[in-house]
Amino acid sequence: MSESLMKNGTAISTENKVEVTFLSRNGLVVRVGMQEYYLPYTKFPWFQKATVEDVFNVELRGRNRLRWEALDVDLSMSILLHPENYPLVSNG
């Protein structure tokens, strides 16, 4: 059963919703559906010097991929669930 919220009598699905809910000097929190994930800059350096607007501009592509278009960053849900399985490779 999918999660949903009621707003003005209309069901709003939260199952496919994605948003950045917290931003700090050490990392950010992104919510996908009802689950939140902490992304520390040590493991996700692409966000550290990005503008706030660019960090908050995230989209869910399909069911398993997050996309920050302005930053040219794509993350799969697998990376969020198990970052230890994906060693950092960055030219930055």
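Two strands pair if DSSP finds at least two bridges between them. Helices (H or I, at least four residues) and strands (E, at least two) are themselves DSSP runs, numbered from the N terminus. Keep both rules in mind for the tour below.

**Before selecting anything**

This is a predicted model, in which local features need pLDDT of at least 70 and side-chain atom pairs count only at pLDDT 80 or more, while totals for chains, interfaces and linings use all residues. Residues are numbered from 1 along each chain as its sequence is written, and side-chain values use heavy atoms, with hydrogens and water left out.

Show the whole protein as a cartoon. It has two helices and eight strands, and from the N terminus the elements run β-β-β-β-β-α-β-β-β-α. Of the 92 residues, 27% are buried (under 20% relative accessible area; exposed means over 50%, partly exposed in between, with a 1.4 Å probe and protein chains only). The accessible surface is about 6500 Å², and 49% of that belongs to carbon and sulfur atoms; such areas come from the Shrake-Rupley method with a 1.4 Å probe, and for residues only the protein chains shown count as cover.

**Stop 1: strands β3, β4 and β5**

Select residues 27–32, which are strand β4. Five of these six residues are buried, so β4 is largely enclosed by the rest of the structure.

Add β3, residues 18–23. β3 and β4 run antiparallel and are joined by five bridges; the hairpin they form has three residues between the strands. To follow the register, label Val18, which stands opposite Val32, and then Leu23, whose bridge partner in β4 is Leu28.

Now add β5, residues 35–40. Six bridges connect β4 with β5, again in the antiparallel sense. Two residues separate the strands of this hairpin, and Gly33 in the turn has a positive phi of about 65°.

**Stop 2: valine 30 and the core**

Which residue of β5 is the bridge partner of valine 30? Select Tyr37 to see that partner. Then show everything around Val30. Leaving out residues up to four places away in sequence, Val30 touches Val18, Glu19, Val20, Gln35, Glu36, Tyr37, Leu39, Leu66 and Leu80 (contact means heavy atoms within 4.5 Å).

Val30 also belongs to the largest nonpolar core, which has 19 residues. A nonpolar core is a set of buried Ala, Val, Leu, Ile, Met, Phe, Trp, Tyr and Cys residues joined through side-chain atoms within 4.5 Å. Within this core, Val30, Leu39, Phe47, Leu75 and Leu80 touch the most other members. At least two core residues come from each of β3, β4, β5, β7 (65–68), β8 (73–76) and α2 (77–81). In soluble globular proteins, nonpolar side chains tend to be buried together.

**Stop 3: valine 55**

Move to Val55 in helix α1. Is this residue buried or exposed? Val55 is buried, with a relative accessible area of 1%. Outside its neighbours within four places in sequence, Val55 is in contact with Val20, Leu23, Leu28, Phe47, Ala50 and Trp68. A C-alpha distance drawn from Val55 to Val30 reads 9.8 Å, with the two positions 25 residues apart along the chain.

**Stop 4: phenylalanine 47 and tryptophan 68**

Show the side chains of Phe47 and Trp68, both buried. Rings of Phe, Tyr and Trp (its six-membered ring) pair if their centres lie within 6.5 Å; planes under 30 degrees apart count as stacked, over 60 as edge-to-face and the rest as tilted. By this rule there are two aromatic pairs. In one of them, Phe47 and Trp68, the ring centres are 4.7 Å apart and the planes are at 65°, so the pair is edge-to-face. The pair links distant parts of the chain, 21 residues apart: Phe47 is in the loop between β5 and α1 (52–56), and Trp68 is in β7.

**Stop 5: the second sheet and its turn**

From Trp68, colour the open three-stranded sheet, ordered β6-β7-β8 with antiparallel pairing. β6 (59–61) and β8 are the edge strands, each pairing on one side only. Four bridges join β7 to β8, and one bridge partner to check is Val73 in β8, opposite Trp68.

Finish at Asp72, in the loop between β7 and β8. Asp72 is exposed, with a relative accessible area of 60%. Its phi is positive, about 55°, although Asp72 is not a glycine. Most residues other than glycine have a negative phi, and most peptide bonds are trans.
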